[in-house]
Amino acid sequence: MAKPKNLILSSTTFERVVHWVLAGSCLFLFLTGFGLMFHSLSFIARLFPAVPLFTDLYPGGYSTMKLLHNLCGLLFGVAFLFALIAWGKDTLYFDEDDKKWFRVMGGYLWEVEKVPECGKFNAGQKTFFIVLFLFWLIMVGTGIFMWFPILGVELTRWFYVLHALGVLVLGSFLVLHIYLGTYGNPGTFQVMGHGLVTKGWAKKHRPKWLRDVEAGRRSV
Amino acid sequence: MEEKVMLVDVSKCTACRSCQVACKQWNKLPAEKTQQVGTHQNPPDLSWSTWNLIRFTELPLKEGGVKWLFRRDACLHCTDPGCQRACPVPGAISKTTEGAVVINQELCIGCKMCVNSCPFEIPRMNPENNKAYKCTFCWDRTSNGLIPACAKACAMGAITFGNKDVMIARAYARAKVLGGDATVYGDKYVKGTHVLYVIPEKVRMYEKMVVNPSIPISLILWKDVLKPLSALAIGAALVGTFFHYVIKGPKRPEEEGGE
């Protein structure tokens, strides 16, 4: 594809596809998970057909919803392995500039004259990824042993607690993530869309990365 | 329907197991392959098809020999049932006005959350259809004026069934008559169970009898703390980002609009 003038590729096809698989499975897990956690949201269960294949009787869509939640959890679990390949090396560390970034909170909360320069990901994004990494382990780990509770009653009870803690943390992080990736930072959504962003965007959000790309030190 | 209580006076139990058999018969529960585990307890544990089990405990005596303790083990029908708190499907576990806690297998989705949330480890899974089962307090009998099958079958009068206040009074009167370590077990836990025991020995002497049972702290953290808090946190994040946009505004690249 011919690259339009002044646009620069901010993410590879691999990164964008992984991102969408994660996003889709994550949102589906939230939808079905909320249907299982809140009786008041029982309308979510009604979105799913009662499949007699899975059960002789009819618990409505709840059986189907639970099974799909479990299976989608596996998809999310596997998809995150690819996310680690795609973003692990750019996110799982902090440097001096990141510490400075935290001191001014990236200029998001109060007026800051100069936000410290960052590479492909700023300190906030790195934190998001590290938290996601941690809760990926927790959610997939507890999820599997809630599905197949072979580790005994005492432990399984605490898995429910950890799984609910994950909802709290990941849920609020997801809201912030979507906000910052869309209307909070105009132009950013194309990192997940077709991948092409303006040089102005890159200079604002990824100054060190832009210099590296322009000097040929890294491709994307 | 008035709140009912089943009183199990274990001092009168002779371990004849007619309650076990009557339960199977009324509820049409199949027999299961059993195992000799060195005591008369048979089958060795509760299961999806054994809702009522006489547990045998051998208590060694100082002067030699043993004392036998028999206890009918089954669902205690809590006023505040952990299984119901944990169940994700509305109505799959319900309480009747008489106090019975009943699992509706037609609504059960096999998540096993009730199994892991019961303070007494009562509900059991049927591996064939992946649904949870337990004692129903014979709600299908009691709602038609009959007493539960186990109580009906008990020849010793160890299992009796009646109105709550009467039975609680009867339990305490009986414990007083027995004297010694005899106590009433049930009315003080999980807001009162609908099965009460009169036990002549200390609670810890009986197999699988939980000392001071209560709703697991994990269940409270999960359902009463983290569940509302997660909704609150997500809501706060939504409101927070909205006002961030309104007050602070988006972060735009400098050149935008200039090109």
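Which residues of E1(B) are buried on one side of the strand, and which on the other? I would like to start there this morning, and I should say at once that we are looking at a predicted model. On one side sit B:Lys4, B:Met6 and B:Val8, on the other B:Val5, B:Leu7 and B:Asp9, and all of these are buried, so that both faces of E1(B) are covered. Put as a count, six of the six residues of this strand, residues 4-9 of chain B, are buried, and it is therefore largely enclosed by the rest of the structure.

Let me now turn to the strands beside it. E1(B) belongs to an open sheet of four strands in chain B, with the order E8-E1-E10-E9 and with mixed pairing. The edges of that sheet are E8 and E9, the latter covering 183-185 of chain B, and each of these edge strands pairs on one side only. From one strand to the next, the twist averages 25°.

On one flank, E1(B) pairs with E8, residues 159-163 of chain B, in the antiparallel sense, and this pairing runs over five bridges. If you would like to find it on the screen, look for B:Met6, whose bridge partner in E8(B) is B:Phe161, and for B:Val5, which stands opposite B:Gly162 in E8(B). With E10, residues 195-199 of chain B, the pairing of E1(B) is parallel instead and extends over four bridges; here B:Asp9 stands opposite B:Val198 in E10(B).

There is also a helix to place against this sheet. H5 of chain B, residues 164-178, lies across E1, E8, E9 and E10 of chain B, and its direction is at about 20° to E1(B).

Stepping back to chain B as a whole, we have domain 1, spanning 4-205, and domain 2, spanning 216-259, and the C-alpha centres of these two domains of chain B lie 47 Å apart.

Chain A, for its part, has seven helices and two strands, which follow one another along the sequence in the pattern β-α-α-α-α-α-β-α-α. Its C-alpha atoms fill a box of roughly 65 × 40 × 30 Å along the principal axes, and of the 220 residues in chain A, 33% are buried. Among the contacts in chain A with a separation of 6 or more, 57% come from residues 24 or more positions apart.

That leaves the place where the chains touch. How many residues does each chain bring to the contact? Chain B contributes 40 residues and chain A contributes 38 residues. On the side of chain B that touches chain A, the residues divide into 22 nonpolar, eight polar and 10 charged.

One helix pair between the chains deserves a closer look. Helix H5 of chain A, residues 153-181, packs with helix H6 of chain B, residues 217-247, at an angle of about 0°, and their axes are 9 Å apart. Since an angle under 35 degrees counts as roughly parallel, H5(A) and H6(B) are therefore described as roughly parallel to each other. Sorted by class, the residues in the contact of H5(A) with H6(B) are 20 nonpolar, five polar and two charged.

Conventions:
Residues are numbered from 1 along each chain as its sequence is written. Chains are lettered from A and ligands numbered from 1 in the order in which they are written. This is a predicted model: local features need pLDDT of at least 70, side-chain atom pairs count only at pLDDT 80 or more; totals for chains, interfaces and linings use all residues. A residue is buried if 20 or more other C-beta atoms lie within 10 Å of its own, exposed if 12 or fewer, and partly exposed in between; C-beta atoms are placed from the backbone. Two strands pair if DSSP finds at least two bridges between them. Axes are lines fitted to C-alpha atoms, for helices over the stretch in contact, and angles run from 0 to 180 degrees between N-to-C directions. Angles under 35 degrees count as roughly parallel, over 145 as roughly antiparallel, 65 to 115 as roughly perpendicular and the rest as oblique. Ala, Val, Leu, Ile, Met, Phe, Trp, Tyr, Cys and Pro count as nonpolar, Asp, Glu, Lys and Arg as charged, and the others, Gly among them, as polar. Two residues are in contact if their C-beta atoms, placed from the backbone, lie within 7 Å. Domain bounds come from an automatic or database domain assignment.
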